Amino acid sequence: MARTQTDITVPDLSGKLAVVTGASDGVGLRLATRLAAASAEVVMPVRNRRKGEAAVAKIKERYPDAAVSLRDLDLSSLDSVAALGATLRGENRPIHILINNAGVMTPPDRQATAEGFELQFGSNHLGHFALVSHLLPLLSAGRARVTSQISISANENAINWDDLNWERSYHARRAYSQSKIAFGLFGLELDRRSQVAGWGITSNISHPGVAPTNLLAARPEMGRSKDTAGARVIRALSRLGILLGTIETAALPALFAATSPEGRGARFYGPGGLGHLSGAPAEQAVYSRLRSEDDADRIWRISENLTGAPFSAALPPTDPMSGR
């Protein structure tokens, strides 16, 4: 079945510094490639250096003059997150675009981060929360646009407030939904707080629809020795052009949210096709689970306590980088 070509125009990003998590493969690699093609300088924080170097080589093969570089980051370790923050602050360069794209999905058995948090909540949400806090001076100096990648799963289930780390009873899919609900609440709350505090940051959220990424593929470190049935079905439908997207189209909502002059803060962008599963990026209604400002404030305060990365301490009273 022939697939209609879907794409967007990315504005010239010369002079812009972009940071993309999870850029060693899949949607993240596509995002990094498109940003580099638009002349942004792209920093790719990766957990696996070998995969990262292969990703850089792919970008350079296509765009020999691309300015791309690696940094080390393991979102399941708050020490690693803090180290990346210290490294980039030491480089003292304003960040103009941050796409929080990395994620893990549904390990069949409960796994924990270095600090003992349930892996999905700890990596997908808490790791990125801490990263933004550590990078806040650079984001503020660059008047950055921050785009946080959630999932259609944020429209399912709920936050397990009484057992955030799923220690009493683990359910892989519900824990994944919780991580994406928390992360979506954070992305919207970041924009609200930036407006009030004058951080100069614009924050929005996006989701990729459904496409054949590696999230459900065989990953021994996730406790999956082979691809899930869902991964096989998604690949087949995507290949046939039936309902679902591709890696290329799945990257477009975040790319639009992070770069388009039409992108706005506190908005939600996803595929505009049937069921928001594929198609050209478009603004869509915020999921019901992400609309409560009380929930957003609650998860923000909990996240500051759990990560030890309070935003109130991230910027000095007078920030020499931004002239405040």
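Both faces of strand S5 are covered, since Arg145, Thr147 and Gln149 on one side and Val146 and Ser148 on the other are all buried. In this predicted model, S5 spans residues 145-149 and is mostly covered, with five of its five residues buried. In a regular strand the side chains alternate between the two faces of the sheet.

**Neighbours of S5**

Strand S5 pairs in the parallel sense with strand S4, which comprises residues 97-100, and it also runs parallel to strand S6, residues 202-206. The table sets out these two pairings.

| Strand paired with S5 | Bridges | Residue pair |
|---|---|---|
| S4 (residues 97-100) | four bridges | Leu98 opposite Val146 |
| S6 (residues 202-206) | five bridges | Thr202 with Arg145 |

Helices join the strands in both cases: S4, helix H4 (residues 119-141) and S5 make a right-handed β-α-β unit, and S5, helix H5 (residues 172-197) and S6 make a right-handed β-α-β unit as well.

**Internal space**

Rolling a probe the size of a water molecule over the atoms shows where empty space is left. The count comes to one cavity of 30 Å³ or more, and about 30 Å³ of space lies in the largest cavity. The residues that line the largest cavity are Leu17, Val19, Leu88, Glu91, Arg93, Ile95 and Leu138. Strand S1 (17-20) and helix H3 (78-91) each supply at least two residues of this lining. By class, the lining of the largest cavity holds five nonpolar and two charged residues, with no polar ones.

How values were computed. Residues are numbered from 1 along each chain as its sequence is written. This is a predicted model: local features need pLDDT of at least 70, side-chain atom pairs count only at pLDDT 80 or more; totals for chains, interfaces and linings use all residues. Side-chain values use heavy atoms; hydrogens and water are left out. Buried means under 20% relative accessible area, exposed over 50%, partly exposed in between (1.4 Å probe, protein chains only). Two strands pair if DSSP finds at least two bridges between them. A crossover is right-handed if, with the strands pointing away from the viewer, the path from the first strand over the helix to the second runs clockwise. On a 1 Å grid over the protein atoms alone, a cavity is a set of points where a 1.4 Å probe fits but cannot get out, and a pocket is an open set with protein on both sides within 12 Å along at least five of seven lines; lining residues have an atom within 4 Å of a point. Grid points are joined across faces, edges and corners, and a volume is the space filled by probe spheres set on the points. Ala, Val, Leu, Ile, Met, Phe, Trp, Tyr, Cys and Pro count as nonpolar, Asp, Glu, Lys and Arg as charged, and the others, Gly among them, as polar.
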